[in-house]
Amino acid sequence: MEMIKGWNTKAWVQVLAEYDDTDPAGQAAKLVTVMWEVVCEPIWEMRNNILAGSDNPTVLKETRTLREKVLWYKRFSRQVLAQRHWTLTEFSIEDAARWDKARCRKKLRTLDAAKEVYEIECKMRMSGQRVITDWLEKE
């Protein structure tokens, strides 16, 4: 049987061998399994819930902050995005309220990129340069 390597396991195998156990390695493996299931796994699950769980106050606050930024784009899309990107903010406030952190973050990445493109285009136009997307905005 393949054993988990470590000083605890080796010591348990030695102790079990001294008690004339027929399978000290197997018994040591069972001890490691019990220790993991009873002691370590509950602690590990708690740690993961604290770090990334949906009921974590830090995650809730971060999600709320991201959602507020997304809604800011919805309110000010006409001022900070090119007309061709206004469709990125065509979602309801109710829908945005249900988005999780990952979805808000993804939407923000897209909106931030669109805003950055628009800012570059505005600077280029102010300096008298044309931009490649001018033909899209002709009436």
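From the N terminus on, the elements of the chain run α-α-α-α-α, and the model in which they are seen is a predicted one. The exercises below work through this fold from its overall make-up to single residue pairs.

**Exercise 1. Determine how many helices and strands the chain has, and what share of its residues is buried.**

Solution. Begin with the secondary structure, which comes to five helices and zero strands. Turn next to burial: of the 139 residues in the chain, 25% are buried. Finally, consider how the chain meets itself, taking contacts between residues at least 6 apart in sequence; 45% of these join residues at least 24 apart.

**Exercise 2. Identify the residues with the most contacts inside the largest nonpolar core, and the helices that supply at least two residues to this core.**

Solution. The largest nonpolar core consists of 14 residues, and Tyr 73, Leu 81, Phe 91 and Trp 99 are those with the most contacts inside it. At least two residues of this core come from each of helix H3 (57–80) and helix H5 (101–126), and H3 gives the most, with five residues. In soluble globular proteins, nonpolar side chains tend to be buried together. Trp 99 can then be examined by itself: leaving aside residues up to four places away in sequence, Trp 99 touches Thr 63, Arg 67, Val 70, Phe 91, Cys 104 and Lys 107.

**Exercise 3. Describe how H3 and H5 pack, giving the angle, the distance between their axes and the handedness of the crossing.**

Solution. The two helices pack at an angle of about 30 degrees, and their axes are 9 Å apart. In this arrangement H3 passes H5 in a left-handed crossing. On the H3 side, the residues that make the contact include Glu 62, Leu 66, Val 70 and Tyr 73, while Lys 101, Cys 104, Leu 108 and Lys 115 are among those on the H5 side. Sorted by character, the residues of the contact of H3 with H5 divide into nine nonpolar, two polar and eight charged.

**Exercise 4. Find the salt bridge that Lys 101 forms, and decide whether Lys 101 is buried or partly exposed.**

Solution. A search of the whole structure gives six salt bridges. In one of them Lys 101 pairs with Glu 62, with the closest N and O atoms 3.5 Å apart. The pair links distant parts of the chain, since Lys 101 is in helix H5 and Glu 62 in helix H3, 39 residues apart. Burial requires under 20% relative accessible area; Lys 101, at 26%, is therefore partly exposed, and Glu 62, at 29%, likewise counts as partly exposed.

**Exercise 5. Work out what the salt bridge between Glu 121 and Arg 84 ties together, and how each partner is classed by accessibility.**

Solution. The closest N and O atoms of Glu 121 and Arg 84 are 2.5 Å apart. Glu 121 lies in helix H5, and Arg 84 in the loop between H3 and helix H4 (93–98), so the pair ties together parts that are 37 residues apart in sequence. Glu 121, at 6% relative accessibility, counts as buried, whereas Arg 84, at 25%, counts as partly exposed.

**Exercise 6. Locate the salt bridge between Lys 115 and Glu 119.**

Solution. The closest N and O atoms of this pair are 2.9 Å apart. Both residues lie in helix H5, four residues apart, which is about one turn of the helix. Lys 115 is partly exposed, with a relative accessible area of 22%, and Glu 119 counts as partly exposed at 36%. Elsewhere, salt bridges that share partners join Glu 62, Lys 101 and Arg 105 into one network.

Definitions and conventions
Residues are numbered from 1 along each chain as its sequence is written. This is a predicted model: local features need pLDDT of at least 70, side-chain atom pairs count only at pLDDT 80 or more; totals for chains, interfaces and linings use all residues. Side-chain values use heavy atoms; hydrogens and water are left out. A nonpolar core is a set of buried Ala, Val, Leu, Ile, Met, Phe, Trp, Tyr and Cys residues joined through side-chain atoms within 4.5 Å. Buried means under 20% relative accessible area, exposed over 50%, partly exposed in between (1.4 Å probe, protein chains only). Contact means heavy atoms within 4.5 Å. Axes are lines fitted to C-alpha atoms, for helices over the stretch in contact, and angles run from 0 to 180 degrees between N-to-C directions. A crossing is left-handed if the near helix is turned anticlockwise from the far one by less than a right angle, and right-handed if clockwise. Ala, Val, Leu, Ile, Met, Phe, Trp, Tyr, Cys and Pro count as nonpolar, Asp, Glu, Lys and Arg as charged, and the others, Gly among them, as polar. A salt bridge is a side-chain nitrogen of Lys or Arg within 4 Å of a carboxyl oxygen of Asp or Glu.
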